[in-house]
Amino acid sequence: MIKWINNLFSSTPKEENTDNIKTEVHEHPKNNIKNVSKKYLIVGLGNIGAEYVNTRHNIGFKVLDFLAKKESLSFETVKLGALAEYKFKGRTFFLLKPNTYMNLSGKAVKYWMDKENIPLENILIITDDLNLSFGTIRIKPKGSDGGHNGLKNINLVLNTQQYTRFRFGISDQFKKGQQVDYVLGEWDEEEKTKLPERLEISAEIIKTFGTAGLENTMTTFNGK
């Protein structure tokens, strides 16, 4: 899978002259409003603090940290979070890790969405999902919060569920009454071994979302 993904991008240099790039036109899946923005807000959900760094609930942060390290990017402390700017194939990706804690994630999403004038269809929210087996990927253009407090707050603040979410499966291998401890617990040894490949694919999902569009991203990566 990784070899195939590398081949997908290997023919395109990392940096290129974008003066003659034709602006890609996107359409919002709901209202068909055409958009010519080449700016994207990629939000990884998680909690700040050393005690949360390697927890399952912080997979959103971990994906962005992986991409930043891979592309030699640095996060800067900004209002309501940490932000890194990534330029790829004529697009600008704002990688955001909210510092509001999970339950108030929507505040940071709304602020940076408005500040950078990024349309709703160019937002990607990365979150953990108990309903998917470990490492399973599910990209959807809309949906309910599924009981996830971060998504619940984003839905409330944005007053819509019409935004793309990238769900990363963490499975539900916990006993009754131990969900919180499981979600806020660290990866087991088997998961740690498999994480690098899953993070590599996750980084390519972000690039594909901005360069090939939502439909192609879902077709290529859902269920991988």
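1. In this predicted model, the charged end of R165 lies over the ring of Y163, at 4.2 Å from the ring centre. A second contact of this kind involves R56, whose charged end sits over the ring of Y182, 4.0 Å from its centre.

2. Aromatic pairs in the structure number eight. One of them is Y40 with F93: the ring centres are 5.5 Å apart and the planes meet at 25 degrees, so the pair is stacked, the cut-off being under 30 degrees.

3. In sequence, the two partners of this stacked pair are distant, 53 residues apart. Y40 belongs to strand β3 (residues 39-44), and F93 to strand β6 (residues 91-98).

4. Are these two rings buried or exposed? Y40 has a relative accessible area of 1% and is therefore buried, given a limit of under 20%. F93 is buried as well, with a relative accessibility of 0%.

5. Y40 and F93 also take part in a wider arrangement: ring pairs join them with Y86, F88 and F209 into a cluster.

6. F134 and F168 make an aromatic pair with edge-to-face geometry. Their centres are 6.2 Å apart, and the angle between the planes is 80 degrees. F134 is located in the loop between β7 (123-129) and β8 (137-140), while F168 is in strand β9 (residues 164-169), so the contact ties together parts of the chain separated by 34 residues in sequence. Both F134 and F168 are buried.

Technical notes
Residues are numbered from 1 along each chain as its sequence is written. This is a predicted model: local features need pLDDT of at least 70, side-chain atom pairs count only at pLDDT 80 or more; totals for chains, interfaces and linings use all residues. Side-chain values use heavy atoms; hydrogens and water are left out. Rings of Phe, Tyr and Trp (its six-membered ring) pair if their centres lie within 6.5 Å; planes under 30 degrees apart count as stacked, over 60 as edge-to-face and the rest as tilted. Helices (H or I, at least four residues) and strands (E, at least two) are DSSP runs, numbered from the N terminus. Buried means under 20% relative accessible area, exposed over 50%, partly exposed in between (1.4 Å probe, protein chains only). A charge sits over a ring if NZ of Lys or CZ of Arg is within 6 Å of the ring centre and within 35 degrees of the ring normal.
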